[in-house]
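Please work through the following exercises with the sequence and the model side by side. Each task is followed by a solution that goes step by step.

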Amino acid sequence: MDKNKHFLVGIFGDQDDLLHGVGDIRKKGVKIHEVFTPYPVHGLEHALGYQRSWTPKAAFMFGFLGTCLALIMQIGMMVIDWPMNIGGKPYLSIPDFVPVTFEFTVLLASYGMTLTFLFVRGYLPHSVPRIFDIRATDDKLVVAIDLANNASLSEEQIRSILKDLHAEEVYRRDFTDEDNKSSFIKYVVDLFTNGVTRSSRIAHHR
Amino acid sequence: MKADSYDIEERFVFSDGAKRSIFTILVIGVVLFVIGIIMLATGGDSSEGGHALAFAGGEGSGSEHGHGHHYTWTDRLKVNFWINNVYFLGLSIVGVFFFAVQYAAHAGWSAGIKRIPEAFGSFLPVALVLMIGVFLWGNHTIFHWTDASLYDKESPNYDEIIAGKQAYLNLPFYLIRMLVFIGGWIAFYYTLRKQSLLEDIEGGTKRFWKMKTIATLFIIFFAVSSSVSAWDWVMSIDTHWFSTMFGWYVFASWHVAGLAAISLTLVLLKEAGYLKFLNESHFHDINKMVFGFSVFWTYIWFGQFLLIYYANIPEETIYFVERLESDFYSKFIFFNLFINFFFPFLAFMTRDSKRKATIIKIVCIAVLIGHWFDFYLMITPGTLKEHGGFGFLEIGLAMIYLAGFAYVVANALSKAPLIAKNHPMIQESLHHHY
């Protein structure tokens, strides 16, 4: 089995060409792997047919967890483990616990959502992002199409579809198995033995 | 709610159907109101304050009515008038405030809906008449400090603390403040309204910049006057007591109720076939504010409560003792927190719920009712002590005020084009989408 990844990369120079192009490409049955743009393009997520993110739900769950943990912590400390008389209040005085509960809820909700996002997208320290075209950070809009997902169409057909939709440039990009592999242990070992940094591994792709 | 093709010149027609609906609310209100009065006057309903007739005060250290005092149904009537006065005046002025903030902030999304908060301001002159009228009629019931014997050293009622506040709390100065504040708001409102209507005719950006200046001045004036009026109209009821957060508290309550009223009006107008350009993004924006400011209200409410609870100074805690230790009021406190915080917080948390007409209507009506109860809780325990009640009288009078408010606002809405077509940022609002 071929473990290497084969992509067709279309470079667009104009935002409107991209927005219309993405819709037309999908209409012709071509599945798009990802689009890289130097700035947020409004409406692109609709054109790509993305579903709404479920991270807010994760944030709510983490927030709720934070509320519960904060209350358990405070009640455990202030009521069960070491009851203290503060200003003659009852040991279990909920209003006093509200500020800490609030802060902990916000803390867990925000960190939880951010880390969930990073984890799901694979943006962890050891991850090696595939750089399709470095100009995506400058002035070009880059469409990546995974050939393995579009087995029904030949490479030539997809190439001509992209050309018809005013792609300035279309070329093939292959990533070897070695490039795709990312292991957290390997990353740590590399870091300590060779001092290989993340940036030098990215440079390898250029 | 999808946007549809719209008519930029459209006007709101105050139809017979709308008038009939308002009239129905009025009639039901009047009927409930009369039933409530009859029940109280004949003492038939003892659970709702009928026993108050036999009450002679002087209980405990917390009572400011140290001398004997008989509570009658007219007292309860006066107090209810005052609750509704303050509440509906708040809805009205928050309309103007919202409108002013949009100008000061150069907000574009709201340009197309600005006529709705603008129409809210038309209730201000009515509110001024009601405020002065009810104050002159019921000041001895509502405001303990209006009792002249409190300031007389010879009198057994002499109260050193209240006498110390005489320079501020006296009838002439109080009435002057009321006139200056509401009068100032009315003056700002009519100046803004005039510029806004001239803009419809003239076009250009001249009126926009002028309105921005007036709106900014109004916000500065409102920042001070809203706070001071909260001390005057609400906090001075509990004359011995004071809280430095009270101005914010009343403002927060007014603001979120006003935003809910604006949002509800928008939904009703959209469903009646007006403002067809409105889409989910507009509703999302206004309801984000309802959501955010209900949290803001809770923050202020809790900030005030926690400091008093934690410091535990008797002069300060009396305010919450009167409410939380009371069999009658304590349930309202928890109801208040539930309907004004937990309910909108959970119901409006997701993105989709801020965009659906049904949920918007439920939450906004809940918030409007909830903040009426907030004012009920601010005003009733200090005036009627343990003898407050909640029954047909309260519901009826609130409905009468609601009908009056709706009539005045709808009438003002029909007087001007519904879309400010020459607002410099109107296109941003008409095509608002994200």
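Helices (H or I, at least four residues) and strands (E, at least two) are DSSP runs, numbered from the N terminus. This is a predicted model, in which local features need pLDDT of at least 70, side-chain atom pairs count only at pLDDT 80 or more, and totals for chains, interfaces and linings use all residues. Residues are numbered from 1 along each chain as its sequence is written, while chains are lettered from A and ligands numbered from 1 in the order in which they are written.

**Exercise 1.** Describe the secondary structure and the domains of chain A.

Chain A has eight helices and four strands, and read from the N terminus its elements follow the order β-α-β-α-α-α-β-α-β-α-α-α. The domain assignment (bounds come from an automatic or database domain assignment) splits chain A into domain 1, made of 5-52 + 131-180, and domain 2, covering 55-121. Between the C-alpha centres of domain 1 of chain A and domain 2 of chain A there are 44 Å.

**Exercise 2.** Place Val100(A) in its element, and explain why Val100(A) counts as partly exposed.

Val100(A) belongs to helix H4 of chain A, which spans residues 94-121. A residue is buried if 20 or more other C-beta atoms, placed from the backbone, lie within 10 Å of its own, exposed if 12 or fewer, and partly exposed in between. Val100(A) counts as partly exposed because it has 13 C-beta neighbours inside 10 Å. Two residues are in contact if their C-beta atoms, placed from the backbone, lie within 7 Å; leaving aside neighbours within four places in sequence, Val100(A) has contacts with Ala70(A) and Gln74(A). The C-alpha atom of Val100(A) is also 9.1 Å from that of Thr67(A), although the two residues are 33 residues apart along the chain.

**Exercise 3.** Find which residues of the largest nonpolar core touch the most other members.

A nonpolar core is a set of buried Ala, Val, Leu, Ile, Met, Phe, Trp, Tyr and Cys residues joined through C-beta atoms within 7 Å. In the largest such core, of 115 residues, Val290(B) and Val409(B) touch the most other members. Helix H2 of chain B (residues 73-104) gives the most to this core, namely 20 residues. Another core lies apart from it and has 18 residues, including Phe12(A) and Leu141(A). Beyond four places in sequence, the contacts of Val409(B) are Ala119(B), Phe120(B), Ser122(B) and Phe123(B).
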